[in-house]
Amino acid sequence: MGDAVNILVTGAAGFIGWKVSEFLLESSELIPGKPEKEKLYVVGIDNMNDYYDIRLKEWRLEQLNRYSNFKFHKMDIEDRKSLKELFEEYHFSFIINLAARAGVRYSMENPFVYYTTNVLGNLNLLELSRKFRVKKYVLASTSSLYAGQKMPFKETLPVNEPISPYAASKKSAEVTCYTYHRLYDLDITIVRYFTVYGPAGRPDMSIFRFIYWIDQARPVIIYGDGNQSRDFTYVDDIARGTILGLMPLGFEIINLGGDRPHKLNDVLQMIEEKLGKKARIEHQPFHPADMLATWADITRAKKLLKWRPEIGLEKGVDAAAAWYQKNRIWVKDIRV
Ligand SMILES: NC(=O)c1ccc[n+]([C@@H]2O[C@H](COP(=O)([O-])OP(=O)(O)OC[C@H]3O[C@@H](n4cnc5c(N)ncnc54)[C@H](O)[C@@H]3O)[C@@H](O)[C@H]2O)c1
């Protein structure tokens, strides 16, 4: 692919990886500094693991496979040899590393895979990015790192006390990125996402589950009293912010959050109204790896990326529910 710009998106069959890839394919002008004439190829990789129902991942890939300049390789970021061959083939200009084990609660059941993927997988990609002189590397990180800190969460807060193996693995990935920037001058942006939701979202997360459970008149499980709040962020806003993160910045950590926290109970009510059905709530104990509240300070994203969230919760929930209803025929059977 001679004069083309090749960009690698890891975790491309995942919720956010799918949206980021779609945005890149639809509007490559979003990519900071991309010469207009050069053709863009988006190379997606994913190991298609079954942490959640794989039909969702397959559906997302089907959408992406419609684009002739999208190439998919089923590949594990833990597999250094295959990754090296991929880098040799494509000579990527940009890497967006979204592949990860992402569930907070499951990270207590199987911490090892969080480290082999989120830490060692990230290291594999950093090492190849250095060797192949990649222009820019973006890593997805998480608001989970801010547990116990004062809100709204600023990037300058010390985040040295992660309360789940998931958060600890992301912290490790972040500091390894810093080392690669410091030693090899690799240009890296770390984007810390705050509770992302939207169409074809993750079935282990609240908004997807609430829609699914209420629609099917199944009990709605809430951990704790439901008064915990989240700074929900719509997936399109996240995809746009992630792509803006490709601009040259040296080394930066940047929050991407909705900047408007909502209580779970209020979200539930919003979904009840939207679906015209009442939830049958079942409370379970609050989980020790969960946070009571999140809220992003997005001053840095506004300043450096000229980014701000554009889709409010009501509109975003409508879009997520509409997607569910349109795809109900198969989504109703997935494992949640
Ligand atoms: N969704 C959120 O609210 C949220 C919040 C904070 C951070 N993040 C981060 O954003 C990124 C994307 O999350 P998501 O919500 O789209 O999750 P997701 O699980 O839908 O997507 C991750 C994808 O990575 C793939 N993957 C996992 N391990 C892999 C490996 N070893 N090799 C190749 N592929 C692998 C999975 O199959 C999956 O398709 C992750 O890094 C996650 O930690 C997400």
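This text walks through a predicted model, from a pair of helices to the ligand shell, the nonpolar core and a few individual residues.

A convenient starting point is helix α1, which spans residues 15-26, and helix α2, which spans residues 54-64; their axes come within 10 Å and cross at roughly 5°. Because angles under 35 degrees count as roughly parallel, α1 and α2 are therefore described as roughly parallel to each other. On the α1 side the contact is made by Trp18, Ser21 and Glu22, and on the α2 side by Arg60, Gln63 and Leu64, a set that by class comprises two nonpolar, two polar and two charged residues.

Helix α1 also takes part in the surroundings of the ligand, where it supplies the largest share of the shell, three residues. The shell consists of 29 residues, and the closest to the ligand are Gly11, Gly14, Ile16, Ala99 and Ala100. At least two shell residues come from each of α1, β2 (40-46), α5 (111-131) and β5 (136-142), and the class composition of the shell is 13 nonpolar, 10 polar and six charged residues.

In soluble globular proteins, nonpolar side chains tend to be buried together. Here the largest nonpolar core has 93 residues, of which Ile7, Ile16, Val20, Ile95, Ile96, Phe210 and Ile211 touch the most other members; α1 contributes the largest share of this core, seven residues. Ile211, when residues up to four places away in sequence are not counted, touches Ile271, Ala320, Ala321 and Tyr324.

Turning to the loops, Ala296 is found between β13 (280-284) and α10 (299-305), and it counts as buried because it has 29 C-beta neighbours inside 10 Å. Leaving aside neighbours within four places in sequence, the contacts of Ala296 are Ser143, Pro152, Phe153, Phe194, Asp231, Asn255, Gly257 and Asp259.

Two of these partners, Pro152 and Asp259, deserve a separate look at their backbone. Pro152 sits in the loop between β5 and α6 (165-184), and the peptide bond leading to Pro152 from Met151 is cis, with omega near -10°. Asp259, in the loop between β11 (251-256) and β12 (262-263), has a phi near 65°, a positive value in a residue other than glycine; with 19 C-beta neighbours inside 10 Å, Asp259 counts as partly exposed.

A positive phi, of about 50°, is also found at Arg133, although Arg133 is not a glycine. Arg133 lies in the loop between α5 and β5, and because it has 11 C-beta neighbours inside 10 Å, it counts as exposed.

Definitions and conventions:
Residues numbered from 1 in each chain as written. Predicted model: local features only at pLDDT ≥ 70, side-chain atom pairs only at ≥ 80, totals over all residues. Axes fitted to C-alpha atoms, helices over the stretch in contact; angles between N-to-C directions. Helix = DSSP H or I, 4+ residues; strand = E, 2+ residues; numbered from the N terminus. Parallel < 35°, antiparallel > 145°, perpendicular 65-115°, else oblique. Contact = placed C-beta atoms within 7 Å. Nonpolar A, V, L, I, M, F, W, Y, C, P; charged D, E, K, R; others polar. Near = placed C-beta within 6 Å. Core = buried A, V, L, I, M, F, W, Y, C linked by C-beta atoms within 7 Å. Buried ≥ 20, exposed ≤ 12 C-beta atoms within 10 Å, placed from the backbone.
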